[in-house]
Amino acid sequence: MEFPKRFVYEAANTWPCILFFGAIHGNEPSGTLALQKLQQQLNQGELTLIKGELHLVPIANPQAYQEKKTFIDANLNRIFCPSLSPRSYEQHLANKLCSFVDKCDVFVDLHSLQAEWQDFLYQDYATPACATLAKSSGVDSVINWWPQLYETIDSYDTLQYAHSKGKACVLYEAWQHDDPQSVDRAYHLIRNILHHYGLILYEQCTPPSNKQTIVMTDIIFKKEEWHFVQPRKQFDVLRKGEAIAVYDSWETLYAPKDCIMIMPSEKTPLGTDRYYLGKKW
Ligand SMILES: [Zn+2]
């Protein structure tokens, strides 16, 4: 069984400890490639750690990464908690990865998107520490309150675990999985965060800010095949009563209120999340 490797870099003053994960989902290589670029610069002395501890796990799900699959047995970002008797490959990984999270102060999980959506950050917890971390990333759009939507579902993600251990935490969704720009965006985000926490110097850093925060209010599951009434983009503004999608059975889905479209996808499998609705913070 192949386990994830963690690479540790330390300065004299070891606070804070920042941990990055790449490839929790094996088909999302941008975080991995961005972290490997950073590692190369640290190893060759092009980049110096001024303070703190930097923990890098470029490939959190090695087997899925090798096979370019989201996961092997189970979605690692839905079962992310320690288990006493792990059965699936991902449960074994979760045990190892949770122990890495336990040791950090700040945790960043790097993902990418399946469609051409604008990149964004999940800042699921409204603590001052999480807000500071989200701002330090310089990412324009932040989405909030995923946990409340999923609280009735038996699901455990990386942020939920990190938050339960008192860590500042965010999850970044870069652009499309294989878009080279996703690597550049992830790399820029990593360096922004490290600069603002004082671990490195980064002259091109974005000042700490987020332009918009969107609160997720609804998940719409795909119960049968459907199509959008018109092409929808990430963060499109919808008016109450506007038609969104039509099922093959001709049932139409309307916007229940003035809201914002989040991750509109026609390609997800039946029974899974299809799109989300939100509102401005
Ligand atoms: Zn992902």
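User: How many bridges join strand 9 to strand 11?

Analyst: In this predicted model, strand 9 and strand 11, the latter covering residues 243-247, run antiparallel to each other. One of the pairings places H227 opposite V246 of strand 11 as its bridge partner. The number of bridges that join strand 9 to strand 11 is three.

User: Which strands stand at the edges of the open sheet with the order 9-11-12?

Analyst: Three strands make up this open sheet, and their pairing is antiparallel. From one strand to the next the twist averages 25°. An edge strand here has a single partner strand, so one side of it is left without a neighbour in the sheet, and this applies to strand 9 (226-228) and strand 12 (252-254).

User: Is strand 3 largely enclosed or left open by the rest of the structure?

Analyst: On one side of strand 3 the residues E53, H55 and V57 are buried, and on the other side L54 and L56 are buried as well, which leaves both faces covered. Five of the five residues in the strand, which covers residues 53-57, are therefore buried, and strand 3 is largely enclosed.

User: In which sense, parallel or antiparallel, does strand 2 pair with strand 3?

Analyst: Strand 3 also pairs with strand 1 (residues 7-10), in the antiparallel sense and over four bridges, with L56 of strand 3 as the bridge partner of F7. For strand 2 (residues 17-22) there are five bridges to strand 3, and E53 of strand 3 is the bridge partner of C17. The sense in which strand 2 and strand 3 pair is parallel.

User: Which residues touch the most other members of the largest nonpolar core?

Analyst: This core has 71 residues, and it draws at least three residues from each of domain 1 (7-196) and domain 2 (216-280). One of the residues asked for is I190, which, leaving aside its neighbours within four places in sequence, is in contact with F20, A34 and L38. The residues that touch the most other members are I18, F20, V170, Y172, A186, I190 and I262.

User: How far apart do the C-alpha centres of domain 1 and domain 2 lie?

Analyst: The domain assignment of the protein chain gives domain 1 as residues 7-196 and domain 2 as residues 216-280. Between the C-alpha centres of these two domains the distance is 27 Å.

User: Which element supplies the largest share of the side of domain 1 that touches domain 2?

Analyst: The contact between the domains takes 10 residues from domain 1 and eight residues from domain 2. On the side of domain 1, strand 6 (141-144) and helix 5 (146-150) each supply at least two residues. The largest share, three residues, comes from strand 6.

User: What radius of gyration does the protein chain have, set against that of a compact globule?

Analyst: The protein chain, with its seven helices and 14 strands, has a C-alpha trace that spans about 65 × 45 × 35 Å along its principal axes. For 281 residues a compact globule would have a radius of gyration near 19 Å, and the value for the chain agrees with this, because it is 19 Å.

User: What percentage of the contacts with a separation of 6 or more joins residues 24 or more positions apart?

Analyst: Of the 281 residues in the protein chain, 40% count as buried. Among the contacts with a separation of 6 or more, the share that comes from residues 24 or more positions apart is 68%.

How values were computed: Residues are numbered from 1 along each chain as its sequence is written. This is a predicted model: local features need pLDDT of at least 70, side-chain atom pairs count only at pLDDT 80 or more; totals for chains, interfaces and linings use all residues. The radius of gyration is taken over C-alpha atoms; the globule rule is 2.2 Å times the number of residues to the power 0.38. A residue is buried if 20 or more other C-beta atoms lie within 10 Å of its own, exposed if 12 or fewer, and partly exposed in between; C-beta atoms are placed from the backbone. Two residues are in contact if their C-beta atoms, placed from the backbone, lie within 7 Å. Two strands pair if DSSP finds at least two bridges between them. Axes are lines fitted to C-alpha atoms, for helices over the stretch in contact, and angles run from 0 to 180 degrees between N-to-C directions. A nonpolar core is a set of buried Ala, Val, Leu, Ile, Met, Phe, Trp, Tyr and Cys residues joined through C-beta atoms within 7 Å. Domain bounds come from an automatic or database domain assignment.
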